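Hi there,

Here is the structure I promised to pass on. Have a look at it first, and then read on for my notes.

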Amino acid sequence: MPVTQTCLVCQNIDCKSRGAEQLAAELQQKIAAKGLTDVDVKPYMCFGACQEGPNVVVYPEKNWYAHVKSEDLDDIVAHLAGGPHVQRLDTIDSSLKELIYQLLDTGVF
Amino acid sequence: MIKISTFDDWIDYFHQWQKDIGYDAALLNDYKFETKLGELHSPEIEFGDFKGQPKWQRVSQIPNQSIRDALMNLIVYQGDTEFASVEQQKNLLDTAPTEYDRKALTRVNSEEMRHGWQMCYLLVNYFGDSGKLEARKLLERRAFRGDRLLGSFNAPVNNWLDFFTYTEFVDRDGKYQLTMLSHSSFAPLAESVTAMLKEEHFHMFTGHTGLTRVLRAKKIPVPIVQKYFNKWLSTAYDLFGTDHSSSAHWAYTWGIKGRYDEHTATLPADKDKLNDLAREHYMNESQQLIDQLNQLVPDGETKLKAPHLRFNRSIGEHVGKTYSVTGELLSAADYQKHLYDALPNAEDEKILADIIKDKDWVAQIQLN
């Protein structure tokens with residue numbers, strides 16, 4: 001099945017120091033366990049919101065989850081499977097989201 | 001001479017400052033200048049002689065005048081950098097390589113202004129007449145006159161390579177300073193900088209992605225990029241203060257400024273090496289970023305590197321010494337030639353200006 005959504009997991013210094021590497025690996029496992037073959041997990045260089053990391057952006061759907069912890073992953077995977085948006089992790093201000101989404105849309109990064 | 005009696009007076013003066021430096025406030029659209037407060041790491045003083053006591057909410061709760069003076073000084077220095085950076089960068093708005101970059105620069109400028117606003121809010125509302133005087137002076141010094149308080153903030157930002165390198169490395173120093181202040185025993189300061197930190201990260205992001213785009217485009221010679229690294233990193237080292245600083249020692253003892261890793265540190269602080277340790281953390285982080293950028297430098301070309309700690313220092317034990325960018329001691333004559341070769345010179349700026357005339361010097365971002 002072609003990939004329709006990608007979970008971009010920030011791997012810059014601050015997010016990494018908060019466990020983003022392990023988080024990406026766990027997310028990958030949970031997505032596989034759920035059988036979501038159309039969802040991919042990729043590292044991303046930075047979203048410019050390090051203080052609120054680890055940050056995960058679901059693209060092209062454009063959902064940004066901040067302060068993500070291991071215990072949040074089941075809810076994120078449920079969302080990827082068609083469940084509700086995880087509102088408690090949606091804490092980034094809208095103007096920053098807009099700028100970063102525009103950057104993602106350009107395909108440069 | 002204008003007198004600041006209330007924060008509204010200061011706001012009027014702030015708008016005058018925008019006009020005086022030639023910043024077109026219309027560029028900021030509907031950006032709302034306001035004070036923002038974040039959460040405290042702890043309601044109790046986290047370290048130092050007053051550890052465990054409730055954080056001070058008012059200046060009158062601070063036990064003595066020396067602490068009050070040191071605290072106000074920290075706020076003044078932080079505020080000075082914020083306004084200075086806008087003065088340094090404002091001329092770049094007309095030469096933004098893309099609309100995205102212009103928007104990003106505008107965001108960076110507006111947030112730096114807000115951070116200065118936040119520091120002045122503290123000065124005016126908490127520190128009496130002396131605070132009001134300092135808040136006024138923050139709007140009266142000028143980067144282009146060279147009378148901002150710290151060297152980095154008087155250096156020229158002439159072009160977008162300057163800007164990307166500045167936001168990568170000088171704004172990163174800002175992250176360190178704000179993180180250390182976020183543990184402050186003075187609650188209004190700690191709450192203020194916690195909110196500022198959230199915004200600071202976009203500035204560093206702008207620098208890192210900008211440098212990434214420069215290296216991807218492969219138009220600006222890597223040796224010229226290296227010279228900008230030498231310029232901004234060497235001055236950024238100074239921003240951490242002198243080695244074996246007594247003011248850092250007392251700031252820690254009084255609980256007004258913590259360590260960068262205060263929240264995770266398990267060992268007692270070495271109070272005689274606080275600045276040195278923060279700078280070491282910073283240098284390690286910068287090296288990781290340079291390593292990332294070097295992945296884009298083609299094989300066979302000299303990789304980018306951080307200048308040696310001893311190079312081109314304006315404060316501390318290496319000030320006035322003739323160390324090379326790799327840390328070797330040179331003769332005075334050789335050193336002058338070395339400085340010309342190691343830092344951006346007029347010839348480099350001319351080459352850069354020629355390259356930047358076309359838009360392809362940086363990977364393009366076209367907004368939809």
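Let me start with B:Ser152, which sits in the loop between α4 (128–138) and α5 of chain B. Please keep in mind throughout that this is a predicted model. B:Ser152 counts as buried, because it has 24 C-beta neighbours inside 10 Å and 20 are enough for that label. Not counting residues up to four places away in sequence, B:Ser152 touches B:Val170, B:Thr235, B:Ala236, B:Asp238 and B:Leu239.

From there you can step over to B:Trp117. Along the chain B:Ser152 and B:Trp117 are 35 residues apart, and their C-alpha atoms are separated by 20 Å. B:Trp117 belongs to helix α3 of chain B. With 21 C-beta neighbours inside 10 Å, B:Trp117 counts as buried too. Which residues does B:Trp117 touch, not counting those up to four places away in sequence? They are B:Phe14 and B:Phe33. If you measure C-alpha to C-alpha, B:Gly79 is 7.8 Å from B:Trp117 in space, although their positions lie 38 residues apart in the sequence numbering.

B:Trp117 also takes part in a helix pair that I think you will enjoy viewing. Helix α1 (residues 7–20) of chain B packs with helix α3 (residues 99–126) of chain B at an angle of about 145°, and their axes are 10 Å apart. The crossing of α1(B) past α3(B) is right-handed. On the α1(B) side the contact is made by B:Phe7, B:Trp10 and B:Phe14, and on the α3(B) side by B:Trp117, B:Cys120, B:Tyr121, B:Val124 and B:Asn125. By class, the residues of this contact are seven nonpolar, one polar and no charged.

The third spot I would point you to is B:Pro97, in the loop between α2 (65–89) and α3 of chain B. B:Pro97 is buried, with 22 other C-beta atoms within 10 Å. Leaving aside neighbours within four places in sequence, B:Pro97 is in contact with B:Trp160, B:Lys359 and B:Val362. In sequence B:Pro97 and B:Lys357 are 260 residues apart, yet C-alpha to C-alpha they are 9.4 Å apart in space.

Now for the cores. The largest nonpolar core has 76 residues, and those with the most contacts inside it are B:Leu71, B:Ile75, B:Cys120, B:Leu123, B:Val214 and B:Trp232. Helix α5 (residues 160–181) of chain B gives the largest share of this core, ten residues. Another core, of 39 residues, lies apart from it and includes A:Ile31, A:Tyr65, A:Leu89 and A:Leu99. Back in chain B, B:Trp232 touches B:Thr165, B:Tyr166, B:Phe169 and B:Val170, not counting residues up to four places away in sequence. B:Val170 is also among the residues that B:Ser152 touches.

Zooming out to chain B as a whole, there are eleven helices and zero strands. The radius of gyration of chain B is 21 Å, close to the 21 Å that the globule rule gives for 368 residues, so chain B is as compact as a globular protein of that length. Along the principal axes, the C-alpha atoms of chain B fill a box of roughly 60 × 45 × 40 Å. Of its 368 residues, 48% count as buried. Among contacts in chain B between residues at least 6 apart in sequence, 73% join residues at least 24 apart.

Chain A has four helices and four strands, and along the sequence they follow the pattern β-α-α-β-β-β-α-α. Its radius of gyration is 13 Å, close to the 13 Å that the globule rule gives for 109 residues, so chain A is as compact as a globular protein of that length. The C-alpha trace of chain A spans about 35 × 30 × 25 Å along its principal axes. Buried residues make up 37% of the 109 residues in chain A.

Last, how many residues of each chain are in contact with the other? The count is 15 residues of chain A and 19 residues of chain B. Helix α4 (residues 94–106) of chain A supplies the largest share of the chain A side, six residues. That side has nine nonpolar, four polar and two charged residues.

Happy viewing, and best wishes

Note on methods:
Residues are numbered from 1 along each chain as its sequence is written. Chains are lettered from A and ligands numbered from 1 in the order in which they are written. This is a predicted model: local features need pLDDT of at least 70, side-chain atom pairs count only at pLDDT 80 or more; totals for chains, interfaces and linings use all residues. Two residues are in contact if their C-beta atoms, placed from the backbone, lie within 7 Å. Helices (H or I, at least four residues) and strands (E, at least two) are DSSP runs, numbered from the N terminus. Ala, Val, Leu, Ile, Met, Phe, Trp, Tyr, Cys and Pro count as nonpolar, Asp, Glu, Lys and Arg as charged, and the others, Gly among them, as polar. The radius of gyration is taken over C-alpha atoms; the globule rule is 2.2 Å times the number of residues to the power 0.38. A residue is buried if 20 or more other C-beta atoms lie within 10 Å of its own, exposed if 12 or fewer, and partly exposed in between; C-beta atoms are placed from the backbone. Axes are lines fitted to C-alpha atoms, for helices over the stretch in contact, and angles run from 0 to 180 degrees between N-to-C directions. A crossing is left-handed if the near helix is turned anticlockwise from the far one by less than a right angle, and right-handed if clockwise. A nonpolar core is a set of buried Ala, Val, Leu, Ile, Met, Phe, Trp, Tyr and Cys residues joined through C-beta atoms within 7 Å.
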